[in-house]
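Work through the exercises below with the sequence and the model in view. Each task is followed by its solution.

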Amino acid sequence: MRFPTPLIPATLVRRYKRFLADVLLPDGTAATAHVANSGTMLGIDAPGSPVWLSRSPNPARKLPYTLELVEADGTLVGCNTAHPNRIVAEAIVAGTVPALAGYATLRREVKYGRNSRIDILLEDPVRGSAYVEVKNVHLRRQDRLAEFPDCVTSRGAKHLEELAAMVAAGHRAVMVYLVQRADCDTFRIAADIDPAYAAGLRVALDRGVEALVLGCALTPDGIAIDRTLRLLA
């Protein structure tokens, strides 16, 4: 995924009310940016952090800037949770995710389950259907180890149940964790943060749901999947 226009460097002053961040632009101007991330952004919201912003071409938009990248622990981290579905979908179409290759069609945001939408639906007349849910990962508390979630996610637990139901119905279901930082090569569920989600994933895996952890290379020009990470039990 490439950003449509060059990102703008800035400095984070504070992130607050979940969806807002005060920043300082290179010329010293203060601005408020939209934060497309409902989590806590644990570990990537420190005041003074270098950040990169996109600017909307829509002159009527109340907040023209969106927070895209944060530099934390010496690496770029993707914090915009509106992007992971597109990043994964583009990689599947390009054939760079072998575990999800070989399907005839790809659709996004398809209704299924209990009034939900699956992030990516892969379909093939021979292979059948694969229901793919994507979660953004940016938390790192130990060296080389990415974790999810960074806060309690009852919605995420619901998605695991619905994926397991798709397996029971005879389909393939895959939980994709997209690690938007380059300084990790292993991944685990942060059970201390959300024990219910950790338990839910164990149940889902036992019922046939697959888990796939993908890592990214990030620059201010774009974000691309470049590796698979090892899932720790």
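**Exercise 1: the second largest pocket**

Task: sort the lining of the second largest pocket by residue class.

Solution: The lining divides into 6 nonpolar, 6 polar and 5 charged residues. Here Ala, Val, Leu, Ile, Met, Phe, Trp, Tyr, Cys and Pro count as nonpolar, Asp, Glu, Lys and Arg as charged, and the others, Gly among them, as polar. The model is predicted: local features need pLDDT of at least 70 and side-chain atom pairs 80 or more, while totals for chains, interfaces and linings use all residues. Residues are numbered from 1 along each chain as its sequence is written, and side-chain values use heavy atoms, without hydrogens and water.

Next, locate the lining. Of its 17 residues, Pro 4, Thr 5, Ser 54, Arg 55 and Glu 68 lie nearest the centre of the second largest pocket. Strands S4 (50–55) and S5 (65–72) each give two or more residues to this lining.

**Exercise 2: the cysteines**

Task: state how many disulfides the model has, and why Cys 184 lacks a bond to Cys 216.

Solution: Start with the general idea. A disulfide is a covalent bond between the sulfur atoms of two cysteines. The rule applied is a pair of cysteine sulfur atoms within 2.5 Å. The count comes to 0 disulfides. The closest cysteine sulfur to that of Cys 184 is in Cys 216, and no bond forms because the distance is 11 Å, too far.

Last step: are these cysteines buried or exposed? Cys 184 is buried (under 20% relative accessible area; exposed is over 50%, partly exposed in between, with a 1.4 Å probe and protein chains only), at 0%. Cys 216 is also buried, at 0%.

Terms used. On a 1 Å grid over the protein atoms alone, a cavity is a set of points where a 1.4 Å probe fits but cannot get out, and a pocket is an open set with protein on both sides within 12 Å along at least five of seven lines; lining residues have an atom within 4 Å of a point. Helices (H or I, at least four residues) and strands (E, at least two) are DSSP runs, numbered from the N terminus.
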